[in-house]
Amino acid sequence: MPTPGKLELTIKINEFPVDVQTGENGCKQFDIDTGEQIVTVSLKPKIFKKLEQAQENYPMWVAAIAGMMGEKTDSGFVLKEPNVQTFEKKPKESKEATPVVSAAS
């Protein structure tokens with residue numbers, strides 16, 4: 001008998017969705033191309049606002065959109081019960097060669 005579990009998916013994006021459509025109850029719907037499949041995401045206005053705030057407040061950001069695999073579509077699937085967390089992305093500091101000073105004996 002298999003062990004019961006719950007499949008959760010997390011998709012990371014760092015660009016604001018371009019083709020956003022407003023659907024039922026003001027939900028914002030857009031597609032994410034993961035390279036292998038197209039994932040359709042529908043966010044409640046309050047949750048979508050997190051993406052808008054990240055776009056406005058941070059020069060670089062990343063969003064983690066988590067949910068469960070929903071119904072299949074022709075090109076992928078629908079992300080069921082999605083939630084969003086956004087984070088400011090700090091630019092990586094370039095590692096410059098620091099001169100090594102040897103101690104004289």
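Two strands count as paired when DSSP finds at least two bridges between them. With that in hand, here is one pairing in this predicted model. Strand β4, residues 38–43, and strand β6, residues 76–88, run parallel and are joined by 3 bridges. One place to see this is Ile 38, whose bridge partner in β6 is Gly 76.

Helix α1, residues 45–57, packs on the sheet that holds these strands. The helix touches β1, β3, β4, β5 and β6, and its direction makes about 45° with that of β6.

Now the chain as a whole. There are 105 residues, and 26% of them are buried. The chain has 1 helix and 6 strands, and along the sequence they come as β-β-β-β-α-β-β. Of the contacts between residues at least 6 apart in sequence, 51% join residues at least 24 apart. The accessible surface is about 8,500 Å², and carbon and sulfur atoms account for 49% of that.

What is the order of the strands in the sheet? The sheet is open, its pairing is mixed, and the order of its 6 strands is β1-β5-β6-β4-β3-β2. At the edges are β1, residues 9–13, and β2, residues 21–22; each has a single partner strand, so one side of each has no neighbour in the sheet.

I will go in from the β2 edge. β2 and β3 are antiparallel, with 2 bridges. Here Gln 21 stands opposite Gln 29 in β3. The two strands form a hairpin with 5 residues between them, and in this hairpin Asn 25 takes a positive phi near 60°.

The next step is from β3 to β4. These two also run antiparallel, and 6 bridges join them. Gln 29 appears again, this time opposite Ser 42 in β4. This hairpin has 4 residues between its strands, and Gly 35 in the turn has a positive phi of about 95°.

Two residues are worth picking out on screen. Start with Thr 40, which lies in strand β4. Is Thr 40 buried or exposed? Its relative accessible area is 13%, and the limit for buried is under 20%, so Thr 40 is buried. Setting aside neighbours within four places in sequence, Thr 40 is in contact with Gln 29, Phe 30 and Asp 31, and also with Phe 77, Val 78 and Leu 79.

The other residue is Ile 47, in helix α1. With a relative accessible area of 17%, Ile 47 is buried as well. Which residues does Ile 47 touch, not counting those up to four places away in sequence? They are Pro 82, Asn 83 and Val 84. As for Cys 27, it is 20 residues from Ile 47 along the chain, and the C-alpha atoms of the two are separated by 9.3 Å.

Last, the largest pocket. Its space comes to about 270 Å³. It is lined by 14 residues, and the closest to its centre are Pro 17, Val 18, Phe 30, Asp 31 and Ile 32. Which strand gives the most to this lining? It is β3, with 5 residues. Phe 30 and Asp 31 were named before, as contacts of Thr 40.

To recap the route: parallel pairing between β4 and β6, antiparallel pairing of β2 with β3 and of β3 with β4, and helix α1 packed on the sheet.

Note on methods:
Residues are numbered from 1 along each chain as its sequence is written. This is a predicted model: local features need pLDDT of at least 70, side-chain atom pairs count only at pLDDT 80 or more; totals for chains, interfaces and linings use all residues. Side-chain values use heavy atoms; hydrogens and water are left out. Buried means under 20% relative accessible area, exposed over 50%, partly exposed in between (1.4 Å probe, protein chains only). Contact means heavy atoms within 4.5 Å. Accessible areas come from the Shrake-Rupley method with a 1.4 Å probe; for residues, only the protein chains shown count as cover. Axes are lines fitted to C-alpha atoms, for helices over the stretch in contact, and angles run from 0 to 180 degrees between N-to-C directions. On a 1 Å grid over the protein atoms alone, a cavity is a set of points where a 1.4 Å probe fits but cannot get out, and a pocket is an open set with protein on both sides within 12 Å along at least five of seven lines; lining residues have an atom within 4 Å of a point. Grid points are joined across faces, edges and corners, and a volume is the space filled by probe spheres set on the points.
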